[in-house]
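The following exercises concern the arrangement of domains, a ligand and helices in one protein chain. Please study the sequence and the structure before attempting them.

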Amino acid sequence: MKTTEIVLRKRPDGLPTAGDFGLREIELGVPAVGEVLVRLLWLSVDPYMRGRMSGLRTYVAPFQLDEPIAGAGVAQVLESMDPAVVPGDFVLGNFRWRQFDVTSAAHLKRIDPDQAPLSAHLGVLGMPGFTAFVGLKRIGDLKPSDTVYISAAAGAVGSFAGQIAKILGAKVIGSASSHEKVRSVVDKGFDAAFSYRERSVSNALKELAPEGVDLYFDNVGGEHLQGAISNMANFGRIVMCGAISQYNLTSPAPGPSNLSLVISRRLTIRGFIVSDHSDMQDSFMAEAADWLSSGKLKYDETVREGLESAPGALIELFEGANVGKMLVRVAPPEG
Ligand SMILES: NC(=O)c1ccc[n+]([C@@H]2O[C@H](COP(=O)([O-])OP(=O)(O)OC[C@H]3O[C@@H](n4cnc5c(N)ncnc54)[C@H](OP(=O)(O)O)[C@@H]3O)[C@@H](O)[C@H]2O)c1
């Protein structure tokens, strides 16, 4: 059987371009004992993939040149040589960017299509939802009395973080680029939101959080981080989840010029990687599934169609084209 796959052709210089990716057709083998043949249904595109496209080793190994890009996805089992899964099952796992694949069944997790739409396992019930949960509860030590500021608030992690902070009793302010995104943030129940294109983060927070920000959930870095530091309350906490404004820089950006406020305001700044916190996975799933079914937690998706749209969808994350989770629908389920 043949499949199309997307490979890394060259390492990007700045913002990735379509020419950094290649598309080719390959012949797949048949599943051996312990393996399955799957059809890919959904692929997640995520900002951390930009780091894997560089040759540098970070907390996750880089993609290799002329090898497929890979990431979280949902697939349907077509043939199985492992008793744990049977044809027709839906599975969550880490998949190469292919239409079909033969892969070990050991790393796959069966998911129930009646619990939630399949794509939700890549967003609200998946890594982005879990990142928001860990970042707020464990890293940020969220308290109901907190005023929380969240950047990239209309994106996947940001929109979940804001809603979870609201559910847990905090006052929540979000920022995003466009009016449409600001509206989507307010529609999710944030107390206030602003466009960072229209006013500086620092001025907006001065007005919206006059008593200071107790917890800043940083998805962006750069000027957003600097603006937040200027407006932190004494003993405030900054959760460094991501720094997407820096991922495509070709030379180092200057650090925040106001770091001495960390001392005078007695701030705590802490970064984290969600995969270090798998001990919280079960409590996240229980709470998130409950919030989702009761309508307390809502989500948006931006969907691009077809495997060949995956490189463009990844690039679009850095252009802010997505509201909610950016996804690629590779194929509809069968049966
Ligand atoms: N620490 C962890 O374990 C972990 C896990 C998952 C994700 N993350 C991080 O969390 C952040 C959000 O990830 P996500 O998957 O939820 O992505 P996302 O927020 O759904 O999408 C990215 C958003 O970032 C904003 N953005 C892009 N370039 C920007 C720039 N130069 N300046 C300001 N904003 C920019 C855009 O929103 P606007 O149009 O509003 O600018 C864009 O829609 C990322 O930094 C990611 O690396 C960390």
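**Exercise 1. The two domains**

How far apart do the C-alpha centres of domain 1 and domain 2 lie?

Solution. The model examined here is a predicted one.

Step 1. Identify the domains: the assignment gives domain 1 as residues 2-123 + 300-329 and domain 2 as residues 127-276.

Step 2. Between the C-alpha centres of domain 1 and domain 2 the distance is 29 Å.

Step 3. Consider the contact itself, in which 16 residues of domain 1 meet 16 residues of domain 2. On the side of domain 1 that touches domain 2, there are 6 nonpolar, 6 polar and 4 charged residues.

**Exercise 2. The surroundings of the ligand**

Determine where the ligand lies with respect to the domains, and describe the shell around it.

Solution.

Step 1. Residues of the shell come from domain 1 and also from domain 2; therefore the ligand lies between them.

Step 2. There are 29 residues around the ligand, and those that come nearest are G155, V157, S177, G242 and G320.

Step 3. Sort the shell by class: 18 of its residues are nonpolar, 9 are polar and 2 are charged.

Step 4. Look for helices in the shell. At least two residues are supplied by each of α2 (127-139) and α3 (156-167). With 3 residues, α3 gives the most.

**Exercise 3. Helix α2 and its two partners**

Establish how α2 is oriented relative to α8 and relative to α3.

Solution.

Step 1. Begin with α8, which spans residues 281-293. The axes of α2 and α8 are 10 Å apart, and the packing angle is about 105 degrees. Angles of 65 to 115 degrees count as roughly perpendicular, and therefore α2 and α8 are roughly perpendicular to each other.

Step 2. Name the residues that meet: G129, F130 and F133 belong to α2, while Q281, F284 and A288 belong to α8. This contact comprises 4 nonpolar and 2 polar residues, with no charged ones.

Step 3. Turn to α3, whose axis is 8 Å from that of α2, at an angle of about 50 degrees. This angle falls in none of the parallel, antiparallel or perpendicular ranges, so α2 and α3 are oblique to each other. The crossing of α2 with α3 is right-handed.

Step 4. List the residues of this second contact. From α2 they are P128, G129, T131, A132, F133, G135 and L136; from α3 they are A156, V157, F160, A161, I164 and A165. By class, 10 are nonpolar, 3 are polar and none is charged.

**Exercise 4. Helices α5 and α6**

At what angle do α5 and α6 pack, and which residues make the contact?

Solution.

Step 1. Locate the helices: α5 covers residues 201-208, and α6 covers residues 222-230.

Step 2. Their packing angle is about 35 degrees, and their axes are 8 Å apart. The handedness of the crossing of α5 and α6 is right-handed.

Step 3. On α5 the contact is made by V201, S202 and L205, and on α6 by E223, H224, G227, A228 and S230.

Step 4. Of the residues in the contact of α5 with α6, 3 are nonpolar, 4 are polar and 1 is charged.

Terms used
Residues are numbered from 1 along each chain as its sequence is written. This is a predicted model: local features need pLDDT of at least 70, side-chain atom pairs count only at pLDDT 80 or more; totals for chains, interfaces and linings use all residues. A residue is near a molecule or strand if its C-beta atom, placed from the backbone, lies within 6 Å of it. Helices (H or I, at least four residues) and strands (E, at least two) are DSSP runs, numbered from the N terminus. Ala, Val, Leu, Ile, Met, Phe, Trp, Tyr, Cys and Pro count as nonpolar, Asp, Glu, Lys and Arg as charged, and the others, Gly among them, as polar. Domain bounds come from an automatic or database domain assignment. Two residues are in contact if their C-beta atoms, placed from the backbone, lie within 7 Å. Axes are lines fitted to C-alpha atoms, for helices over the stretch in contact, and angles run from 0 to 180 degrees between N-to-C directions. Angles under 35 degrees count as roughly parallel, over 145 as roughly antiparallel, 65 to 115 as roughly perpendicular and the rest as oblique. A crossing is left-handed if the near helix is turned anticlockwise from the far one by less than a right angle, and right-handed if clockwise.
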